[in-house]
Amino acid sequence: MKEFLRPDGSVFLQVERDRVHDWVYARWLGSQTLATVQQGGLYYVELLRQEPCPRLLNDHQELIGSFSEANDWISQVWTPLIREAGLRYFAQVLAPGIFAQLSIVDLQQRLGGQLELRLFGSLPTAREWLLSTAPAAADRSA
């Protein structure tokens with residue numbers, strides 16, 4: 001697991017490549033800025049370029065506040081890069097706060113059909129959906 005730190009030493013993001021389930025799990029903590037979103041987002045791109053993976057489990061349960069200032073960058077810069085790197089399915093676990101929820105709904109509208117982005121109220125339901133996107137064993141061996 002890779003951790004990303006703010007200048008004060010606190011963790012703002014933990015990222016883990018889950019090879020068993022074939023997804024990237026990202027857990028965002030506290031308030032985010034354009035700079036933290038860019039740092040984490042570009043790490044996702046690099047991770048997928050090194051080892052392609054079609055699914056992202058993005059966990060905002062511990063995120064605080066809005067990140068809307070990053071939505072232009074996410075939709076215009078990050079999304080084309082991450083699609084090129086192989087991401088297709090994006091399971092988003094919502095933050096409890098209304099401002100973070102509004103940020104992700106705005107982002108979902110901006111992305112249109114570029115990625116299959118689904119919003120979830122809990123980690124188990126997000127995992128269940130991502131697992132349903134895996135090709136059947138027969139498809140993988142063909």
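Helices and strands here are DSSP runs, numbered from the N terminus, with at least four residues for a helix and at least two for a strand. By that numbering, E51 sits in the loop between α1 and β4. The model is predicted. The protein's secondary structure amounts to 5 helices and 6 strands.

**Overall architecture**

- Read from the N terminus, the elements follow the order β-β-β-α-β-α-β-α-β-α-α.
- The radius of gyration is 15 Å, close to the 14 Å given by the globule rule for 142 residues, so the protein is as compact as a globular protein of that length.
- The C-alpha trace spans about 50 × 30 × 30 Å along its principal axes.
- Of the 142 residues, 43% count as buried.
- Among contacts between residues at least 6 apart in sequence, 73% join residues at least 24 apart.

**Surface and charge**

- The protein has an accessible surface of about 7300 Å², and carbon and sulfur atoms account for 54% of that surface.
- There are 13 positive and 16 negative charges, and the mean positions of the two sets lie 3 Å apart.

**Helix α1**

- Helix α1 covers residues 34–50, which makes 17 residues.
- At 1.5 Å a residue those 17 residues should span 24 Å, and the end C-alpha atoms are 24 Å apart, so the expected span and the model agree.
- The buried residues of α1 are T36, V37, G40, G41, Y44, V45, L47 and L48.
- Cover for these buried residues comes from elements including the strands β2 (11–18), β3 (23–30) and β4 (55–63).
- Helix α2 (71–84) is also among the elements that cover them.

**The loop residue E51**

- E51 has a relative accessibility of 26% and counts as partly exposed, because that class runs between 20% and 50%.
- Leaving out residues up to four places away in sequence, E51 touches R17 and R19.
- E51 and L102 are 51 residues apart along the chain, and their C-alpha atoms are separated by 32 Å.

**Strand β1 and L5**

- L5 belongs to strand β1, which comprises residues 2–5.
- With a relative accessible area of 48%, L5 is partly exposed, since only values over 50% count as exposed.
- Apart from neighbours within four places in sequence, L5 is in contact with S10, V11 and F12.
- The C-alpha atoms of L5 and T36 are 9.0 Å apart, with the two positions 31 residues apart along the chain count.
- T36 is one of the buried residues of α1.

**D22 and its backbone**

- D22 lies in the loop between β2 and β3.
- Most residues other than glycine have a negative phi.
- The phi of D22 is near 60°, a positive value in a residue that is not glycine.
- The relative accessible area of D22 is 27%, and this residue is partly exposed.

**T79 in helix α2**

- T79 is part of helix α2.
- The relative accessible area of T79 is 0%, so T79 is buried, as the cut-off for buried is under 20%.
- Not counting residues up to four places away in sequence, T79 touches I74, L111, Q114 and L115.

Conventions. Residues numbered from 1 in each chain as written. Predicted model: local features only at pLDDT ≥ 70, side-chain atom pairs only at ≥ 80, totals over all residues. Heavy atoms only, no water. Expected span 1.5 Å × (residues − 1). Buried < 20%, exposed > 50% of the residue type's maximum accessible area, 1.4 Å probe, protein only. Contact = heavy atoms within 4.5 Å. Rg over C-alpha atoms; globule rule 2.2 N^0.38 Å. Areas by Shrake-Rupley, 256 points an atom, 1.4 Å probe, with all protein chains shown as cover. Lys, Arg positive; Asp, Glu negative; His and termini not counted. Charge placed at Lys NZ, Arg CZ, Asp CG, Glu CD.
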